[in-house]
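Here is a short tour of a small set of features, meant to be read with the model open beside you. Please keep the viewer at hand and follow along.

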Amino acid sequence: MVKLRLKRCGRKQRAVYRIIAIDVRSRREGRDLRKVGFYDPIKNQTYLNVPAILYFLEKGAQPTGTVHDIFKKAGVFTELHLNQ
């Protein structure tokens with residue numbers, strides 16, 4: 001099963017996160033299938049590759065709670081419903 005979750009990057013006390021598609025059995029810093037976005041909680045910036053995200057969601061990938069909230073704020077789920 002594939003999940004869309006956060007991968008920690010950046011330095012100590014200054015974390016930034018990549019949003020990645022990864023196998024459930026992999027660890028947090030494990031090898032990802034594809035990078036689909038970026039999230040900086042300090043500057044409150046996000047970059048999302050929406051076509052790639054929609055592809056994984058249509059194939060059955062499950063976002064984690066935090067990633068779900070990021071997608072909800074960006075309006076990814078409305079685009080998903082419009083495509084179906």
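Asparagine 44 counts as exposed, at 60% relative accessibility; exposed means over 50% relative accessible area, buried under 20% and partly exposed in between, with a 1.4 Å probe and protein chains only. Asparagine 44 is found in the loop between β3 (34–40) and β4 (45–48). Helices (H or I, at least four residues) and strands (E, at least two) are DSSP runs, numbered from the N terminus. This is a predicted model, in which local features need pLDDT of at least 70 and side-chain atom pairs count only at pLDDT 80 or more, while totals for chains, interfaces and linings use all residues. Residues are numbered from 1 along each chain as its sequence is written, and side-chain values use heavy atoms, with hydrogens and water left out.

What makes the backbone of asparagine 44 worth a look is phi, which is near 55 degrees, a positive value in a residue other than glycine. Most residues other than glycine have a negative phi. The hairpin of β3 and β4, where asparagine 44 sits, has four residues between the strands.

Glutamine 13 offers a second case, with a positive phi of about 65 degrees although it is not a glycine. Glutamine 13 lies in the loop between β1 (2–11) and β2 (14–23), and the hairpin formed by these two strands has two residues between them. Is glutamine 13 buried or exposed? With a relative accessible area of 72%, glutamine 13 is exposed.

Now for the sheet that these hairpins belong to. Five strands make an open sheet in the order β4-β3-β2-β1-β5, with mixed pairing. Because β4 and β5 (62–63) stand at the edges with a single partner strand each, one side of each is left without a neighbour in the sheet. Two strands count as paired if DSSP finds at least two bridges between them. The table gives three of the pairings, each with one bridge pair.

| Strands | Sense and bridges | One bridge pair |
|---|---|---|
| β1 and β2 | antiparallel, 10 bridges | arginine 8 and tyrosine 17 |
| β2 and β3 | antiparallel, five bridges | alanine 21 and arginine 34 |
| β3 and β4 | antiparallel, four bridges | phenylalanine 38 and tyrosine 47 |

Between β3 and β4 there is also the pair of glycine 37 and leucine 48.

Two helices meet this sheet. Helix α1 (residues 50–58) packs on the sheet and touches β1, β2, β3, β4 and β5, where contact means heavy atoms within 4.5 Å. The direction of α1 makes about 120 degrees with that of β3; axes are lines fitted to C-alpha atoms, for helices over the stretch in contact, and angles run from 0 to 180 degrees between N-to-C directions. Helix α2 (65–74) lies across β1, β2, β3, β4 and β5, running at about 95 degrees to β1.

Two buried residues are worth visiting as well. Valine 16, in strand β2, is buried with a relative accessible area of 16%. Leaving aside residues up to four places away in sequence, valine 16 touches Lys7, Arg8, Cys9, Gly10, Phe38, Tyr39, Asp40 and Pro41. The C-alpha atoms of valine 16 and glutamine 45 are separated by 9.8 Å, with the two residues 29 apart along the chain. Aspartate 32, in the loop between β2 and β3, also counts as buried, at 18% relative accessibility. With the same sequence neighbours left out, aspartate 32 touches Lys7, Ile20, Ala21 and Ile22.

Finally, which residues line the largest pocket? They are Tyr39, Asn44, Gln45, Thr46, Thr66, Asp69, Ile70, Lys73 and Ala74. On a 1 Å grid over the protein atoms alone, a pocket is an open set of points where a 1.4 Å probe fits, with protein on both sides within 12 Å along at least five of seven lines, and lining residues have an atom within 4 Å of a point. The volume of the largest pocket is about 150 Å³, taken as the space filled by probe spheres set on the grid points, which are joined across faces, edges and corners. Helix α2 gives the largest share of the lining, five residues, and β4 and α2 each supply at least two. By type, the lining divides into three nonpolar, four polar and two charged residues; Ala, Val, Leu, Ile, Met, Phe, Trp, Tyr, Cys and Pro count as nonpolar, Asp, Glu, Lys and Arg as charged, and the others, Gly among them, as polar.
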